[in-house]
Structures are given as structure tokens and as C-alpha cells.
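Biologist: Could you take me through this one and justify the labels as you go?

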Amino acid sequence: MRSISYQMHTAKFPVHRDLAGFDFECSPVGRKLIEQLAGMAFTEQAHNVVLVGGPGTGKTHLATAIGVAGITRHGSRVRFYSTVDLVNALEQEKAQGKAGRIAASLQRMDLVILDELGSVRISVCEAVESVTQSGSVRISVCEAVESVTQS
């Protein structure tokens, strides 16, 4: 097992965030649910998590904190991507005739976090499908493509 420091570096989080730094008092997000997600059981069951909310609601903070908890508490392999960056990398890889390398690397991850999904207006489903065909990659999406009515 590689060191936590190495895993944190290879996850490529934009900034370090943890659950202790999130203000649950100013957010409708349930602390108990987020702590349960930080337990990473959803990855063992190959379930996806979608965090939906407007700008500035803490989606990226929480997704990053869950990823950090996965690494530090459970030894999980995590990779954080801006969805735009991932799609661009997949397109570049395909243009260079090297399609499949990124997908292969992501299949070795326990958790893949896709941030800012709402800013991508192409067929993200196709890009994500190419990465998740084996069913071994778990994905957390930080922003939905369509607006969702919360009840």
C-alpha cells in the first residue's frame, strides 16, 4: 500500500478539504448522511453518489472531504477530475490513438469524483460509460446536468 501522502497527491484534489472544515450548521446537508458516505460503504457496493445543489452550496467541498476520508481512513484509491478536464483528456487520448489508457487507470480506482458536470454540454454519458464498463469504478458527481427539484 502506498503512503497516504502519495495517494493524496495522485488524487489531484483541487484543494485539501475535510469534514471538520464544513459548516453543517449553515447547510441543509445532513451530517449523519455525509459521515456515512465518508465510511465508503457505497464504493464496496458499487453505488454512485450524486451531490446536487446550486453554486456555493458545498458540493465540491463535501465530495473532496469524502475522497480525503476514503484515503486517510480506509486506504482507498481516489481520483478527482473536473469533468471538463476529463472529457478533454479522453478526447485528446482518442485523437492520439491511445484510447483506453485513462479508462484503464480509472478502473483501478475505488472512487472517481467528477466535479462541475453541469458545465459540460457534450454527451458525458458516453465518456463516463467508456470508463465504467467494467462496473468497478464508483463515481461521485458534484453537479447535475439538469436542474433537479428537491422535495
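Modeller: Here is the chain, with the reasoning behind each label.

Modeller: This is a predicted model, where local features need pLDDT of at least 70, side-chain atom pairs count only at pLDDT 80 or more, and totals for chains, interfaces and linings use all residues. Residues are numbered from 1 along each chain as its sequence is written, and side-chain values use heavy atoms, with hydrogens and water left out.

Biologist: What makes up the secondary structure of the chain?

Modeller: There are 7 helices and 4 strands, in the order α-α-α-β-α-β-α-α-β-α-β from the N terminus. Those are DSSP runs numbered from the N terminus: H or I of at least four residues for a helix, E of at least two for a strand.

Biologist: Why is F22 called buried?

Modeller: Buried means under 20% relative accessible area, exposed over 50% and partly exposed in between, with a 1.4 Å probe and protein chains only. F22 has 11% relative accessibility, so it counts as buried. F24, at 8%, is therefore buried too. Across the chain's 151 residues, 40% are buried.

Biologist: The structure has 2 aromatic pairs; why is F22 with F24 called edge-to-face?

Modeller: Their ring centres are 4.8 Å apart and the planes sit at 70 degrees, so the pair is edge-to-face. The rule takes rings of Phe, Tyr and Trp (its six-membered ring) with centres within 6.5 Å; planes under 30 degrees apart are stacked, over 60 edge-to-face, and the rest tilted.

Biologist: How do you know that G70 is buried?

Modeller: Its relative accessible area is 0%, so G70 is buried. G70 is part of helix α4, residues 59–74. Leaving aside residues up to four places away in sequence, G70 touches M40, G75 and S76, where contact means heavy atoms within 4.5 Å. M40 is 30 residues from G70 in sequence, yet their C-alpha atoms are 6.3 Å apart.

Biologist: And D115, which is buried: what is the nearest side chain of opposite charge?

Modeller: That's K59, 6.9 Å away, and D115 has no salt bridge. A salt bridge needs a side-chain nitrogen of Lys or Arg within 4 Å of a carboxyl oxygen of Asp or Glu. Lys and Arg count as positive, Asp and Glu as negative, while His and the chain ends are not counted. D115, in strand β3 (residues 111–115), does make a side-chain polar contact with the side chain of T60 at 2.8 Å. Polar contacts are N or O pairs within 3.5 Å; within protein, one atom must be able to donate a hydrogen and the other to accept it, and residues adjacent in sequence count only if both atoms are side-chain atoms.
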